[in-house]
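Biologist: I'd like to learn how to read charged pairs and surface patches in a model. Can you walk me through one?

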Amino acid sequence: MALASLLALPAAVGSAVVGGVFLVFSTTIMAALDRQPAEHAVAVMRTINRVILAPVFLGVFLGTALIGVAVVVTAPGQPLAWAGAALYVLGTFATTVVVNVPLNEALDRAAGGGAAAWRAYRPRWTVANHVRAVTAIGAAVAFTLLV
């Protein structure tokens, strides 16, 4: 259990950082983009979707998933380990891969990048982002309680 507690700390911090990034998107960035002309919102979101792939964010995002799984492996009978890993891996990581990334790719391919592209993208992306924020923060709580 000592190794699981040691691993739970970076899993908690990583989950909290990622959850915070997604929370800021849900509460601030998407609202700010909605106040812009649709073609500007699309252009900025396309840029954000490229810039977010920086090594620091990707390292935290992917590393937290791997560490979360390692927490379960080192404490397989611990419900908090399972809760934290499931919330992060399924709720945050898988939602990103299954919903947000395909929507980002569709936005990149959208012709013109105007109001129709933004209307098709924004509601679905934002709901999925809410899920990512809540589950990452929930994972942070579970991992913290395990420490």
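**Patches and pairs**

Modeller: Sure, and keep in mind that this is a predicted model. Let's start with V17, which sits in helix 1.

Biologist: How exposed is V17?

Modeller: V17 has a relative accessibility of 43%, so it counts as partly exposed; the exposed class begins over 50%.

Biologist: Which residues form a nonpolar patch on the surface with V17?

Modeller: L9, V13 and V147 join V17 there, and together the four have about 340 Å² of accessible area.

Biologist: Now the charges. What's the general idea?

Modeller: Side chains of opposite charge can pair when their charged atoms come close. In this structure there are two salt bridges.

Biologist: Which residue forms a salt bridge with R122?

Modeller: That's D34, with 2.4 Å between the closest N and O atoms. The two are 88 residues apart, R122 being in helix 5 (residues 115-146) and D34 in helix 1 (residues 2-34), so this pair links distant parts of the chain.

Biologist: Are R122 and D34 buried or exposed?

Modeller: In between: R122 is partly exposed at 22% relative accessible area, and D34 is partly exposed at 36%.

Biologist: And what does D108 pair with?

Modeller: D108 forms a salt bridge with R50, the closest N and O atoms being 3.3 Å apart. D108 lies in helix 4 (residues 79-109) and R50 in helix 2 (residues 38-51), so the pair ties together parts that are 58 residues apart in sequence.

Biologist: How accessible is each partner?

Modeller: D108 is partly exposed, at 37%, while R50 counts as exposed, at 51%.

Technical notes
Residues numbered from 1 in each chain as written. Predicted model: local features only at pLDDT ≥ 70, side-chain atom pairs only at ≥ 80, totals over all residues. Heavy atoms only, no water. Salt bridge = Lys/Arg side-chain N within 4 Å of Asp/Glu carboxyl O. Helix = DSSP H or I, 4+ residues; strand = E, 2+ residues; numbered from the N terminus. Buried < 20%, exposed > 50% of the residue type's maximum accessible area, 1.4 Å probe, protein only. Patch = residues over 30% accessible without salt bridge, like charges linked within 9 Å, V, L, I, M, F, W, Y side chains within 5 Å. Areas by Shrake-Rupley, 256 points an atom, 1.4 Å probe, with all protein chains shown as cover.
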